Amino acid sequence: MEIKSSVSKKLLRLLSFFVLISFAYAGPEDWGFHNQGSGVQLFYSKDKVSKDIFQDEVTGLLFYNIRYNFKDRFILYFAGFLQAYYREKNFYGQKQIEKHVDNPFKDAKTLQSFIRIPFNRGKIVLDVGKRSIVWGRGVVFNPTSYFGNVNFKSKYITYELPIEGVESVSLSFYSNFYSLEGVYSYTLRQGAFRLSLFREDINLLVNLSYFRDLEKRENRTGIDIQLPIYFISLYGEFVRVIEEKKNVYTAGFDISIPLPFITKLGVEYFKDYQNEKNISPYIFFQSSRLRIVASYLKNYSVGYSIVSSRVDLIIKEEKLYISFIPSFPLEEKAKAGFESSNRFFITYLF
């Protein structure tokens, strides 16, 4: 009986994954909702975390995104959000309920605020201020994104907000065959350089990078490659943490399916900075009114798996969205850090 029960559970888990994967979102490079303009977002979340705490949360988010171009002489850019939420917690086994409404101005946060100045007809670009700096091609994990803190947990669980920037100054140079970018964060005391080499005729892209943390005295070198072959795109990222003699990497591919709507199948394998090895197959689909992603992550080192999907229904010309995001671990819920997460968004951009 126990053997049959175990087999039934495995079949149920497999069936749950295929039910989720039968859905379809816009693309792995834009994994969640990223603010592309000023807008208002209403958010409801029902989360059950692994420490016997049940949490209901209703959140209101006000996004703003302002760009102003002064006749191509310089560009001002601001992005952020204002958050207010009502939270209720029920501790199992105890009669303890906590309710409160936070001051919305307390949780106001500036995500980006910088000035961009182009020189020599845009071949040289200077950025000064708080800016998100995301390098690499990885869908789930980006080891060469030194400043962005882009990791699989942010994309599987907390990916509804754009990535917060860092206070920095950067200088970039662009030519027809290569580009060179240097970044220095004066608050984190971190710097990085990246040399990009590309062949437009075959869409080959190779990036060489170097990162230095002046506070921790840590050095990293990295390389990331993207090579499209017909309808298949191969990509990989490799980082060497020199002082710790540690290697971190991402390798994956996706297949574009020639249909009237955008559809891709892909898989990514990576080792993160905790030396944990993971694999994540994914599928995404986009039509004029519907965007869906379904993904599965298996952590071999700790031994848990996470299923996540997102459904975006576009009501009005990509301005009004209704989104549903369910996520849950299939095994080892305590190690994954949560038991289930169901989120619902209504977003309007203007």
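**Notebook: hairpins, a patch and some shaky stretches**

Started with S15 and S16, which make a hairpin with three residues between them. This is a predicted model, so I keep an eye on confidence as I go. S15 covers residues 277–286 and pairs with S16 in the antiparallel sense, over seven bridges. I looked up two of the partners: Gln 286 sits opposite Arg 291, and Tyr 282 has Ser 295 as its bridge partner in S16.

**Going back one strand**

Next I checked what lies on the other side of S15. Strand S14 (residues 262–271) runs antiparallel to S15, with 10 bridges joining the two. Lys 271 is matched there with Lys 277 of S15. These strands also form a hairpin, with five residues between them, and I noted that Asn 275 takes a positive phi near 60 degrees.

**Going forward one strand**

S16 and S17 run antiparallel too, joined by 10 bridges. Val 293 finds its partner in S17 at Arg 310. Four residues separate the strands of this hairpin, and Gly 303 in the turn has a positive phi of about 95 degrees.

**Cover**

How many residues of S16 are buried? I get nine of the 10 in residues 290–299, so the strand is largely enclosed by the rest of the structure. S15 is mostly covered as well, with seven of its 10 residues buried.

**Nonpolar patch**

Then I turned to the surface. I found a nonpolar patch of about 1000 Å², whose members include Val 40, Leu 62, Leu 313, Phe 324 and Ile 346. Which strands each supply at least two of its residues? They are S1 (39–49), S17 (304–316), S18 (320–331) and S19 (338–349). So S17 turns up again: it pairs with S16 and also contributes to the patch.

I picked one patch member for a closer look. Ile 346 is in strand S19. Is it buried, partly exposed or exposed? Its relative accessibility is 35%, so Ile 346 counts as partly exposed.

**Confidence**

Last, I went through pLDDT. The chain mean is 78, and 75% of the residues reach 70 or more. Strand S8 (residues 178–185) has the highest confidence at 96, while helix H1 (residues 2–21) is lowest, at a mean of 44. I flagged two stretches where pLDDT stays under 50. Over residues 10–35 the model has 67 contacts beyond four places in sequence; over residues 92–100 there are 18 such contacts.

Terms used
Residues are numbered from 1 along each chain as its sequence is written. This is a predicted model: local features need pLDDT of at least 70, side-chain atom pairs count only at pLDDT 80 or more; totals for chains, interfaces and linings use all residues. Side-chain values use heavy atoms; hydrogens and water are left out. pLDDT is the predictor's confidence in each residue, from 0 to 100. Contact means heavy atoms within 4.5 Å. Patches are made of residues with over 30% relative accessible area and no salt bridge: like charges are joined within 9 Å, nonpolar side chains (Val, Leu, Ile, Met, Phe, Trp, Tyr) within 5 Å. Accessible areas come from the Shrake-Rupley method with a 1.4 Å probe; for residues, only the protein chains shown count as cover. A salt bridge is a side-chain nitrogen of Lys or Arg within 4 Å of a carboxyl oxygen of Asp or Glu. Buried means under 20% relative accessible area, exposed over 50%, partly exposed in between (1.4 Å probe, protein chains only). Two strands pair if DSSP finds at least two bridges between them.
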